[in-house]
Amino acid sequence: QVQLVESGGGLVQPGGSLRLSCAASGSIFGINNMGWYRQAPGKQRELVATITSGDSTAYADSVKGRFTISGDNAKNTVYLQMNSLKPEDTAVYYCNMGYYTFKGIAVDAWGQGTHVTVSS
């Protein structure tokens, strides 16, 4: 069974920075992609950024130029560097991973979420 463990959330002032980490552990044959989603109170979960096994990245328009996603394939870990944070970035951030098991089954896994609050 695969587990995704997120860390790095917290309270930060507007304009500040945070770095989120998500480490995957368990029986993983290969990772297709990893990403970050967020869900603000009263809103639907939305894509923030994704990265493929080939290091191709994609970002939501609202975070382009401020957030950077990166991955460490050897550690099965993905990071989200968040700069110039705004109050509207306040949300629970979820790590997502698409991977294959050793039996060739495609699986979509989610972390438990980490809270990010941007407030003065």
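A disulfide is taken here as a pair of cysteine sulfur atoms within 2.5 Å. In this predicted model, one such link is present, and it joins Cys22 to Cys95 with an S to S distance of 2.0 Å. The link connects distant parts of the chain, since Cys22 belongs to strand S3 and Cys95 to strand S9, with the two positions 73 residues apart in the sense that they are 73 residues apart. The torsion about the S-S bond is -85°, and the link of Cys22 and Cys95 is accordingly described as left-handed. Both Cys22 and Cys95 are buried.

The largest nonpolar core comprises 30 residues, and those with the most contacts inside it are Trp36, Leu80, Met82 and Tyr93. Two or more residues each are given to this core by strands S3 (18-25), S4 (30-39), S5 (46-52), S7 (67-72), S8 (77-82), S9 (91-100) and S11 (114-118). The largest share, five residues, comes from S9. The surroundings of one of the core residues, Leu80, can be given in detail: with residues up to four places away in sequence left out of the count, Leu80 touches Leu18, Arg19, Leu20, Trp36, Val48, Ala49, Phe67, Thr68, Ile69 and Tyr93. Trp36 and Tyr93 thus appear among the contacts of Leu80, and both are also listed with Leu80 among the residues with the most contacts inside the core.

Two aromatic pairs are found in the structure. In one of them, Phe29 and Phe102 meet edge-to-face, at 5.5 Å centre to centre and with 70° between the planes. Phe29 lies in the loop between S3 and S4, whereas Phe102 lies in the loop between S9 and strand S10 (106-110), so that this pair links parts of the chain that are distant, 73 residues apart. Because the cut-off for an exposed residue is a relative accessible area over 50%, Phe29 counts as exposed at 58%, and Phe102 is likewise exposed at 56%. Tyr37 and Trp110 form an aromatic pair that is also edge-to-face, with 5.0 Å centre to centre and 65° between the planes. This pair, too, links distant parts of the chain, with Tyr37 in strand S4 and Trp110 in strand S10, 73 residues apart. Tyr37 counts as partly exposed because its relative accessibility is 21%, and Trp110 is placed in the partly exposed class at 36%.

Trp110 also takes part in an arrangement with Arg45, which lies over the face of Trp110 at 4.7 Å from the ring centre. The charged end of Arg45 sits over the ring of Tyr94 as well, 3.8 Å from the centre of that ring.

The pairing of strand S5 with two other strands was examined next. S4 and S5 pair in the antiparallel sense over six bridges, and within this part of the structure Gly35 stands opposite Thr50 in S5. The hairpin of S4 and S5 has six residues between the strands, and in this hairpin Gly42 takes a positive phi near 75°. S5 also pairs in the antiparallel sense with strand S6 (residues 57-59), here over three bridges, and the bridge partner of Ile51 in S6 is Thr57. S5 and S6 form a hairpin with four residues between them, in whose turn Asp55 has a positive phi of about 70°.

Technical notes:
Residues numbered from 1 in each chain as written. Predicted model: local features only at pLDDT ≥ 70, side-chain atom pairs only at ≥ 80, totals over all residues. Heavy atoms only, no water. Core = buried A, V, L, I, M, F, W, Y, C linked by side-chain atoms within 4.5 Å. Buried < 20%, exposed > 50% of the residue type's maximum accessible area, 1.4 Å probe, protein only. Contact = heavy atoms within 4.5 Å. Phe/Tyr/Trp six-rings, centres within 6.5 Å; stacked < 30°, edge-to-face > 60°. Lys NZ or Arg CZ within 6 Å of the ring centre and 35° of its normal. Pairing = 2+ DSSP bridges.
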